[in-house]
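Grab a coffee and work through a few exercises on cavities and strands. Try each task with the structure open before you read on.

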Amino acid sequence: MKLLLGFMWLLHWLPLPVLGRFGTAVGSLLFVIMGPRREIALVNLRLAMPELTEDQRRDLARRHFQAYSRSVFERAILWWASEARLKRLIRIETSAGMPPGQIPVAAMTEKPTILLCPHFVCLDVGGAAIAMEASASSMYVTQKNATFDAVLRAGRARFKPVKLFTRQDGIKPILRALRDRLPYFMLPDMDFGEKDAEFVPFFGVPAATLTATARIAATTGAQVMPVIATFLPNYQGWRVKFYPVWDNYPGTDMVAATRRMNEFIEERVREAPAEYFWTHKRYKTRPNGEPSFYSNKR
């Protein structure tokens, strides 16, 4: 692992177009050799985008592998490049009422704020962009390798102080952070089973979806501000877009609020479909004992 991290550190000196193309090439290879993950992506795309032909879905899955691999290698820049270089590579886009081209720090800290960050491959770019301007908090998965875990934590906390929670910490630290006006990164679009979830359509297919975004917003009075990070064209960097705070969210119906969240994510996925995390078994948990969509190999 130390050798791998040393290699990653060396990569951060490369110009982004070179590093990005290297990552894309590796992704093309991974699409060929990682059969089980390729099949998961294709199953997801058959469910989510039946209007495409199988060749179109296969091409989209290949481009996803390229985008995901590219994002992994480009993480070297996020972890080790200078702040000045990162700011040159990240383009901030904001909605009406927010400072143009700037992180909306005031809007994020004037009241409890949930930063809704669906699983696009560049989501760490959004975290890095915000960390250069404001402290925040987030849930993260402790890595099995202690060395890699330490590098990951250091990379995410090398600018402003951050608070990283694990699922084992429970909900209380998150609520406390929000009440302290520390924006909380929420990544609610993975299948964690039926606990604290509802079967809500995602691309028209019932998917076990955490209701935590709506419930935490209701409990704390937090506003929900979506943040989506995507690639800029021609390997020129990344775009981090801040969307308007959701009006009247969550309301009184947590299921309806969760459906609204999934609909928003669907719209963003259709804008950059290759950059969404299709290799996750998003439809793994099935209602009423329905059979799995996936093989049991992986």
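Below are four exercises with worked solutions, all on a predicted model.

**Exercise 1. Find the largest cavity and work out which elements line it.**

Start with the count: taking cavities of 30 Å³ or more, you get 3. The largest of them holds about 60 Å³ of space. Next, list its lining: Cys 117, Pro 118, Phe 120, Leu 123, Gly 126, Val 227, Ile 228 and Ala 229. Now map these onto secondary structure. Two elements give two or more residues each, namely α7 (123–131) and β8 (223–231). The top contributor is β8, with 3 residues. Finally, sort by chemistry: 7 of the lining residues are nonpolar, 1 is polar and none is charged. Since Gly counts as polar here, that 1 polar residue is Gly 126.

**Exercise 2. Do the same for the second largest cavity, and say how many of its lining residues are charged.**

This one has a volume of about 40 Å³. Around it sit Ser 71, Glu 74, Arg 75, Leu 78, Val 121, Cys 122, Asp 124, Val 125 and Trp 238. The elements giving two or more residues are α4 (54–80) and α7. Helix α4 supplies the largest share, 4 residues. Sorting the lining gives 5 nonpolar, 1 polar and 3 charged residues. The charged ones are Glu 74, Arg 75 and Asp 124. Note that α7 turns up in this lining as well as in that of the largest cavity.

**Exercise 3. Trace the sheet: what is the strand order, and which strands are at the edges?**

Walk across the open sheet of 7 strands and you read β1-β9-β8-β2-β5-β3-β4, with mixed pairing. At the edges are β1 (90–93) and β4 (162–165), each of which pairs on one side only. Then check the twist: ignoring direction, neighbouring strands are turned by 25° against each other on average.

**Exercise 4. Go back to β8: how many bridges join β8 to β9, and which helix lies across β8?**

First, the pairing. Strand β9 (residues 238–242) runs antiparallel to β8, and 5 bridges join the two. For one of the residue pairs, take Val 227, whose bridge partner in β9 is Phe 242. Val 227 should look familiar, as Val 227 also lines the largest cavity. Second, the helix. That's α10 (residues 212–220), which lies across β2 (113–116), β5 (184–186) and β8. To finish, compare directions: α10 runs at about 165° to β2.

Methods: Residues numbered from 1 in each chain as written. Predicted model: local features only at pLDDT ≥ 70, side-chain atom pairs only at ≥ 80, totals over all residues. Heavy atoms only, no water. 1 Å grid on protein atoms, 1.4 Å probe; cavity = no way out; pocket = protein on both sides within 12 Å on 5 of 7 lines; lining within 4 Å. Points joined across faces, edges and corners; volume = space filled by probe spheres on them. Pairing = 2+ DSSP bridges. Axes fitted to C-alpha atoms, helices over the stretch in contact; angles between N-to-C directions. Contact = heavy atoms within 4.5 Å.
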